[in-house]
Structures are given as structure tokens and as C-alpha cells.
Amino acid sequence: EGVGPQEYLLIKMHVLEENFETLECLKPLKGKEVFLAAATLRPETMYGQTNCWILPEGEYGAYELKSKEVFVMAERAALNLSYQEQFEEEGKPKLLCTMKGSELMGCSVKAPNAVLEKIYVLPMLTISMTKGTGVVTSVPSDSPDDFMALSDLKSKEALRAKFNVKDEWVVPFEVIPIINIPGYGDASAPAVCEELKIKSQNDRQKLDEAKHRTYLKGFTDGVMIVGEYKGKPVKEVKPIIKQEMVEANTGLIYSE
Ligand code: A2H
């Protein structure tokens, strides 16, 4: 992270119809097109999404864009988007309702480009509400933070119980290999987490080191092993996939 603006792709994770009956906080939004808007720096990894992360203690809002689509995200991100021509009024994003992250647990979504048809919202305790949207998509094959947060939920029944996480939202979901990095194999995040003996999502120092190792190498040496660009280098296809998602309206560029 440097000075100057950071450009993310906001991934539109489509909230499935069933949630408008089952989740109290989404009832006011029934009939609308609702998305959890997740900020990512790795659009080429979206094939490997296994879940969506939300901060249980976080405050989120549902905002109606000028396109009439509704994005669930932190207020700060909505305000930023209002200065990026996404809302009717600059500086005044249209808020429909608010919710706590904990109310969204188990929400099912269809995520763009994902190999899996349906994935669920799960708790991540290290999300910052002052970066991106406060919504993070999870790609445990290539993100050490995502891998450890998913491993924590899989191995700790008490953690699942604390956040009302049902086994079926977690247990069936395994790492999906999507990128080969010479030296790290087909799933770099689990390999590096093991190499550094990382114990949990709270092992900040080691996770920063793991992120550093995988992030740079994924870009410079990574080769896609799934999808339309199978066999091609990450550095070549990353901008193409990003552009394609913008054109397909499954993602949108966001700066802060
Ligand atoms: B990345 P930077 Cl596969 N709190 O997307 C915590 N983490 C957040 C966040 C928030 N509010 N908003 C975004 N992020 C995550 C994919 C990915 C990411 C992979 C590998 C590495 C990676 C799937 N998760 O990021 O602080 C998002 O996770 C490593 C840098 O702006 C986003 O990209 O540098 C990244 O952190 C943005 O982090």
C-alpha cells in the first residue's frame, strides 16, 4: 500500500432470491437486484471463490445506484462511489436500509466467474471497514488471509457456533486450484501458510510475509490453470479479465 489512489475492481456478488425470505435484514430489499460489492486487486482469481467475507461487527448499508442496482457495502465506500458517478447525486448515496455484518451470515450469492454456482457469506475478523467496501471475496487458493480464515472456520466448531455459521456453508468448500506458481504449485496460499507454519487468521506478521511472497510471484510467474485463459501467464490475462468483467457489468472500477 502506497500513497496515491488505489484502484480496485468491485465484484458484484449477486444475492440469491431465497435470502429475501430467510434473512430479516434483506426483507426491505425484496424485488430489487442486490449485490454484495467486494473490492479485489486480483480479478483473475475469481474462478476460485469459495465464499464471501463480512465483518460480523461491521456496519453495512444497502445503497441504490443510479442503475437501480443495490450494493451492500460500508458507508464510506458508497460515499466514494457517489463521487465516481455511480449515484444520482454526488456526495449523497441513496441509502435504503442498514444492517450489521452478523445479520448477513449465511447469505447465499452467485459470484461472477466463480467455478462454484452458489457460495455463502462467512465471518472474517480481520476485515478493515476503512478499506475497499468492507466486503471481501474469498479465494483461499491464492490469498493466505482467505485460506487461514477458512481453515479457522473449518477446524474450530466453537468459532462457527459463535457466529451462527452452519456446517453446510463451510464444510463442503475446499480450495480450488486456479493458478500455478513454479515453486509453490497449484495452490500457493496453502503452500506458503504451511511453509511459514501459520496458525490462524490472527497471525498478522506471518500473514503479511505470506501475502508478500504470493502476491508478487502470482503476478510475475503465475500461469492460469482454469478458465478461458488456461495456460496463459497471469500478468498477460489480468488486465484482460478485469476489462471483460467491466464490459460484462459483473465488476466495476473503484478508486480510493
Ligand atoms: B484480494 P490492499 Cl486471491 N479488509 O482479493 C481486509 N482485506 C480486504 C479488504 C478489507 N476491507 N478489502 C479488500 N481486501 C483484500 C483476492 C485476493 C486479494 C487474492 C490474493 C491477494 C489479495 C481475493 N481475496 O490481496 O490492502 C482483498 O483480497 C492481497 C493484497 O488494498 C483485496 O484483494 O493491498 C486486497 O485485500 C486489497 O488489499
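Okay, let's start in the middle of the sheet: strand β3 (residues 51-54) pairs with strand β8 (residues 119-123) in the parallel sense, over four bridges. Strands here are DSSP E runs of at least two residues, helices are H or I runs of at least four, and both are numbered from the N terminus. Two strands pair if DSSP finds at least two bridges between them.

Quick housekeeping. This is a predicted model, so local features need pLDDT of at least 70 and side-chain atom pairs count only at pLDDT 80 or more, while totals for chains, interfaces and linings use all residues. Residues are numbered from 1 along each chain as its sequence is written.

Back to β3. Across from Cys52, in β8, stands Val121. β3 also has four bridges to β9, and that pair runs antiparallel. There, Ile54 has Val135 as its bridge partner.

So which residues of β3 are buried on each side? Asn51 and Trp53 are buried on one side, Cys52 and Ile54 on the other, and both faces are covered. Buried means 20 or more other C-beta atoms within 10 Å of the residue's own; exposed means 12 or fewer, partly exposed is in between, and the C-beta atoms are placed from the backbone.

Cys52 turns up again in the largest nonpolar core, which has 74 residues. Leu36, Ala38, Cys52 and Met73 have the most contacts inside that core. A core, by the way, is a set of buried Ala, Val, Leu, Ile, Met, Phe, Trp, Tyr and Cys residues joined through C-beta atoms within 7 Å.

Take Ala38: ignoring neighbours within four places in sequence, its contacts include Leu10, Cys52, Val135 and Thr137. Contact means backbone-placed C-beta atoms within 7 Å.

Now the ligand. Which residues come nearest? Of the 21 around the ligand, they are Thr40, Gly132, Val139, Asp142 and Ser143. β2 (34-40), β9 (135-138) and α6 (204-221) are the elements giving two or more residues to that shell. β9 gives the most, with three. Being near a molecule or strand means a C-beta atom, placed from the backbone, within 6 Å of it.

Zooming out, the protein has seven helices and twelve strands. Of its 256 residues, 46% count as buried. Among contacts between residues at least 6 apart in sequence, 70% join residues at least 24 apart. And the C-alpha atoms fill a box of roughly 50 × 40 × 35 Å along the principal axes.

Methods: Two residues are in contact if their C-beta atoms, placed from the backbone, lie within 7 Å.
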